[in-house]
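User: Hi! Could you walk me through this structure? I'm new to this, so plain words please.

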Amino acid sequence: MSRVLIIESSARQQDSVSRQLTQSFIQQWQVAHPGDSIMVRDLARHPVPHLDANLLGGWMKPAEQRSAAEQQSLERSNELTEELLAADVLVLAAPMYNFAIPSTLKAWLDHVLRAGVTFKYTDTGPQGLLTGKRAYVLTARGGIYAGSSADHQEPYLRQVMGFIGIHDVEFIHAEGLNLGGDFHEKGLNQANAKLAQVA
Ligand SMILES: Cc1cc2nc3c(=O)[nH]c(=O)nc-3n(C[C@H](O)[C@H](O)[C@H](O)COP(=O)(O)O)c2cc1C
């Protein structure tokens with residue numbers, strides 16, 4: 001039995017295409033892997049705070065020197081990191097906002113990229129500690145950017161995932177959603193076709 005962790009980051013609950021993609025993913029995954037557990041963390045409903053002095057203090061100070069706020073920040077980061085460590089499969093659902101990922105997803109990444117926990121520095125450079133995991137990234141985009149220099153989602157998320165040791169990453173882009181005509185339907189159909197192959 002595998003554990004699947006889904007991270008939602010669309011600011012919209014209604015009409016969100018990335019949320020539609022995660023729903024399709026869940027339905028198809030459950031058919032193909034009926035024994036797996038699926039956990040959803042919704043960063044729009046429950047945003048995590050931006051990285052701040054309390055979080056840095058929580059990570060860096062010994063327990064006896066931490067303030068209550070630093071301890072609370074550390075515990076939040078521990079909870080998010082433990083969810084990630086426990087997962088076998090990670091699904092990131094990411095709308096494109098201003099050519100990049102939502103700030104809520106960036107804030108989550110800032111809580112889980114942790115030296116000594118999800119990566120470590122070695123004599124030969126940084127080493128990811130999350131081995132044996134697979135990730136799927138489901139994006140929704142108003143325009144069409146895959147493979148272009150304006151796509152600051154895929155290269156960034158590949159870099160970050162690789163840095164913590166997740167090298168098996170599959171991207172599914174629903175693109176052209178706001179272009180008018182039949183672009184929306186085409187973009188969605190293409191994404192769903194790819195989703196059906198991978199899930
Ligand atoms: C604040 C904001 C910024 C956006 N920036 C971009 C962008 O840079 N490039 C793009 O292709 N689409 C952009 N879009 C369109 C969204 O990517 C598109 O509507 C997508 O469907 C949103 O994901 P969702 O349907 O899961 O909410 C933006 C939308 C919003 C609300």
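**Helices, strands and rings**

Analyst: Happy to! The chain has six helices and seven strands; helices (H or I, at least four residues) and strands (E, at least two) are DSSP runs, numbered from the N terminus. This is a predicted model, where local features need pLDDT of at least 70, side-chain atom pairs count only at pLDDT 80 or more, and totals for chains, interfaces and linings use all residues. Residues are numbered from 1 along each chain as its sequence is written, and side-chain values use heavy atoms, with hydrogens and water left out.

User: In what order do the elements run from the N terminus?

Analyst: They go β-α-β-α-α-β-α-β-β-β-α-β-α.

User: Cool. How many aromatic pairs are there?

Analyst: The structure has six. Rings of Phe, Tyr and Trp (its six-membered ring) pair if their centres lie within 6.5 Å; planes under 30 degrees apart count as stacked, over 60 as edge-to-face and the rest as tilted. Trp 29 and Tyr 136 make an edge-to-face pair, with 6.0 Å from centre to centre and 70° between the planes.

User: Where do Trp 29 and Tyr 136 sit in the chain?

Analyst: Trp 29 is in helix α1 (residues 17–32) and Tyr 136 is in strand β6 (residues 134–140). They are 107 residues apart, so this pair links distant parts of the chain.

User: Is Trp 29 buried or exposed?

Analyst: Trp 29 counts as buried because its relative accessibility is 2%. Buried means under 20% relative accessible area, exposed over 50%, and partly exposed in between (1.4 Å probe, protein chains only). Tyr 136 is buried too, at 3%.

User: Which cluster do ring pairs link Trp 29 into?

Analyst: Ring pairs join Phe 25, Trp 29 and Tyr 136 into a cluster.

User: And why is the pair of Phe 119 and Tyr 121 edge-to-face?

Analyst: Their ring centres are 5.3 Å apart and their planes are at 85°, so the pair is edge-to-face. Phe 119 is buried, with a relative accessible area of 7%, whereas Tyr 121 is exposed at 60%.

User: New topic: what lies over the face of Phe 183?

Analyst: That's Lys 186, at 5.7 Å from the ring centre. A charge sits over a ring if NZ of Lys or CZ of Arg is within 6 Å of the ring centre and within 35 degrees of the ring normal.

User: Last one: how much of the chain is buried?

Analyst: Buried residues make up 45% of the 199 residues.
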